[in-house]
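Let's take a walk through a protein model together. Have the picture ready to turn around as you read.

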Amino acid sequence: MASMDNSITATAMGSIIGELGGLDKFVWVTSAYMVAEMAGMPIFGKLSDMYGRKRFFVFGVVCFMIGSALCGTADSILQLSLFRAVQGIGAGALVPIAFTIMFDAVPPESRGKLGGLFGAVFGLSSIFGPLLGAYITDHIGWNWIFYINLPLGLIAFAMIAFFYKESAQHERQVIDWTGAASLVGTIVCLVFAMELGGKTFAWDSAEIVGLFAGAAALALLFVWAERRAAEPIISFAMFRSRLYATSNALAMLSGAAFITASVYIPIYMQGVLGGSATNSGMVLLPMMLGTVVTATLGGSLLNKLSYRTILIPNVVILVVGIALLTTLTADTPRWIVTVYMVLVGLGVGATFSVLGNAAIHALPANKRGSASSTLNFLRSLGMTLGITVFGIIQSHAMARRLSEALGGALAGGATADGTAATAGDTGAGSLAGAATNGGAGAGTGSLGGLDLSDPHALMEPAARAHIPRDLLATVTDGLSSSISTTFFMEPPPGRAGARRRAPYEPGTHGSRTGG
């Protein structure tokens with residue numbers, strides 16, 4: 001639930017804004033949670049190494065439940081954003097420590113299978129979130145996308161509080177306050193710059209440039225502090241291990257590929273092919289199934305094969321799947337797209353289950369929390385950077401394609417206030433320009449009053465019926481071309497650089513040093 005709450009509000013925002021207002025501030029609802037979670041991951045991971053897992057996992061559960069209860073009672077968008085930050089603080093403790101507890105508490109011969117289940121759940125959460133959010137909002141009410149966390153949180157609290165017997169193998173150390181503060185500041189500046197850039201402010205505005213400059217300055221301060229701290233929040237020394245370094249790099253790159261596919265495949269399916277699905281959860285079902293298969297299979301093979309042997313075939317499948325997505329056109333059959341989606345799911349699934357074990361492998365107990373939290377932090381950072389960077393690529397590619405097709409009648413991908421179109425816009429600003437400027441001979445009057453500045457205009461069959469056939473064909477061609485360009489620009493996740501390791505043996509508990 002902590003991982004799912006990153007995306008569960010996506011399909012409920014229309015209802016939330018309709019009741020609470022604050023259309024100009026809705027971006028903070030997602031950003032506040034994301035910032036608090038990402039900033040908290042490395043900090044709580046390190047604290048769990050220093051003072052024990054249990055107390056911080058219990059803290060995370062309680063904080064997450066308090067935030068969830070407050071979110072359900074919010075009566076303004078500002079309150080909801082603040083309460084989402086409380087939720088995010090709890091999630092920042094829950095997500096990394098859950099993986100670390102599993103590694104600490106489960107015998108070595110069982111870690112693979114359980115790690116596969118952990119990885120499958122973590123991978124599915126970002127896809128399943130919008131589906132669950134839409135269902136609860138439509139049939140119960142938006143408040144219950146938060147209240148649903150409470151009974152599950154109480155169960156988790158009871159089980160961890162009464163049945164988890166923690167080892168005393170942790171060390172009291174001096175907290176790296178400078179590193180913690182500069183890390184939080186870096187994440188706050190970076191995430192808000194990417195969230196607000198091209199939406200609330202232009203990319204070259206003083207506000208966005210200032211946020212990026214602040215992120216860079218604080219990142220340098222963080223590196224300086226970590227190199228001098230006795231017990232840093234993120235230990236750079238761990239990256240000297242080839243296995244650890246490549247695990248984190250692969251997590252970051254595969255996270256970017258995964259989230260980009262999760263966003264743009266539904267846009268293609270509904271915006272180009274005219275699918276009737278109303279949310280990304282149903283559209284992405286084939287990819288979800290592929291993710292579950294290889295996440296579970298990868299975990300079950302951990303005791304039999306090396307990390308490299310498991311991951312290289314999966315990464316190859318992922319690269320092939322992404323490469324095939326670059327061939328999408330407006331005429332691609334739906335079943336072909338489904339096959340490509342399955343390949344992407346199969347390719348990315350094992351990274352969710354195998355990399356968590358690979359990152360912690362051979363590390364002592366007092367380093368596992370920091371190692372697990374760093375991996376999850378970098379995966380989340382990869383997702384955030386991926387959706388922002390590839391959103392810019394897609395919006396500009398679509399603006400260029402439509403400008404070429406409609407004889408330069410477009411506004412170049414700019415919205416009314418001069419900011420660039422973004423991933424969520426999918427070139428909608430350009431569509432509005434095309435309609436009002438007579439692109440393809442269509443004006444707003446002939447569109448039956450349809451507002452093409454609405455990014456969902458191409459994704460609803462009823463709305464598509466109001467767009468003239470010639471203009472719709474031009475727009476869908478431009479959209480499919482821009483999406484295939486986006487997949488083409490994605491960097492390959494690389495390959496696991498880990499050396500072959502022997503299977504786990506009972507009682508080793510990370511004593512092996514091989515890859």
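Start with Arg84 and Asp5, whose side chains meet in a salt bridge, with 3.8 Å from N to O. Keep in mind as you look that this is a predicted model. The two partners come from distant parts of the chain: Arg84 belongs to helix α4, while Asp5 sits in the segment before α1 (13–20), and 79 residues separate them. Why would two such side chains pair up at all? Side chains of opposite charge can pair when their charged atoms come close.

Now, is Arg84 buried or exposed? Arg84 counts as buried, because its relative accessibility is 0%. Asp5 has a relative accessible area of 0% too, so Asp5 is buried.

How many salt bridges does the structure hold? The count is four. Let's move on to another of them, where the side chains of Asp104 and Arg53 meet at 2.7 Å, N to O. This pair also links distant parts of the chain, with Asp104 in helix α4 and Arg53 in helix α3, 51 residues apart. Asp104 has a relative accessible area of 23%, so Asp104 is partly exposed. Arg53, at 4% relative accessibility, counts as buried.

Stay with Asp104 for a moment, since there is another partner to meet. Arg368 forms a salt bridge with Asp104, and their closest N and O atoms are 2.6 Å apart. Arg368 lies in helix α15 (residues 365–405) and Asp104 in helix α4, so this pair ties together parts that are 264 residues apart in sequence. Salt bridges that share partners join Asp49, Arg53, Asp104 and Arg368 into one network. As for Arg368, its relative accessibility is 5%, so Arg368 counts as buried.

Next, let's look at some empty space. The second largest pocket holds about 840 Å³. Its lining has 26 residues, and the closest to the pocket's centre are Phe57, Leu94, Ala98, Phe118 and Ala156. Which helices should you follow to find the walls? Try α3 (53–73), α4 (77–105), α5 (108–139) and α7 (149–163), since each of these supplies at least two residues of the lining of the second largest pocket. The largest share of that lining comes from α7, with seven residues. And what kinds of residues make up the lining of the second largest pocket? By class, 22 are nonpolar and four are polar, with no charged residues.

Some empty spaces are cavities instead. The structure holds three cavities of 30 Å³ or more, and the largest cavity has about 50 Å³ of space. To find the largest cavity, look for its lining: Phe99, Met102, Gly115, Phe118, Ser353, Gly356, Asn357 and Ile360. The elements giving two or more residues to this lining are α4, α5 and α14 (334–360). Which element gives the most to the lining of the largest cavity? That's α14, with four residues. By class, the lining of the largest cavity divides into four nonpolar, four polar and no charged residues. You may recognise Phe118 here: Phe118 lines the largest cavity, and Phe118 is also among the residues closest to the centre of the second largest pocket.

Let's go to the surface. There you'll find a nonpolar patch of about 650 Å², made by Met1, Leu152, Ile155, Met159, Phe162 and Phe163. Pick out Leu152, which is in helix α7. How much of Leu152 is accessible? Leu152 has 41% relative accessibility, so Leu152 counts as partly exposed. Remember that α7 also gives the largest share of the lining of the second largest pocket.

Two more stops and we're done. Met489 is in helix α18 (residues 469–489). Met489 counts as partly exposed, because its relative accessibility is 44%. Along the chain, Met489 and Ala323 are 166 residues apart, yet their C-alpha atoms are separated by 9.8 Å.

The last stop is Ser300, in helix α12 (residues 285–300). At 24% relative accessibility, Ser300 counts as partly exposed. Its C-alpha atom is separated by 9.6 Å from that of Val354, with their positions 54 residues apart along the chain.

How values were computed
Residues numbered from 1 in each chain as written. Predicted model: local features only at pLDDT ≥ 70, side-chain atom pairs only at ≥ 80, totals over all residues. Heavy atoms only, no water. 1 Å grid on protein atoms, 1.4 Å probe; cavity = no way out; pocket = protein on both sides within 12 Å on 5 of 7 lines; lining within 4 Å. Points joined across faces, edges and corners; volume = space filled by probe spheres on them. Nonpolar A, V, L, I, M, F, W, Y, C, P; charged D, E, K, R; others polar. Patch = residues over 30% accessible without salt bridge, like charges linked within 9 Å, V, L, I, M, F, W, Y side chains within 5 Å. Areas by Shrake-Rupley, 256 points an atom, 1.4 Å probe, with all protein chains shown as cover. Buried < 20%, exposed > 50% of the residue type's maximum accessible area, 1.4 Å probe, protein only.
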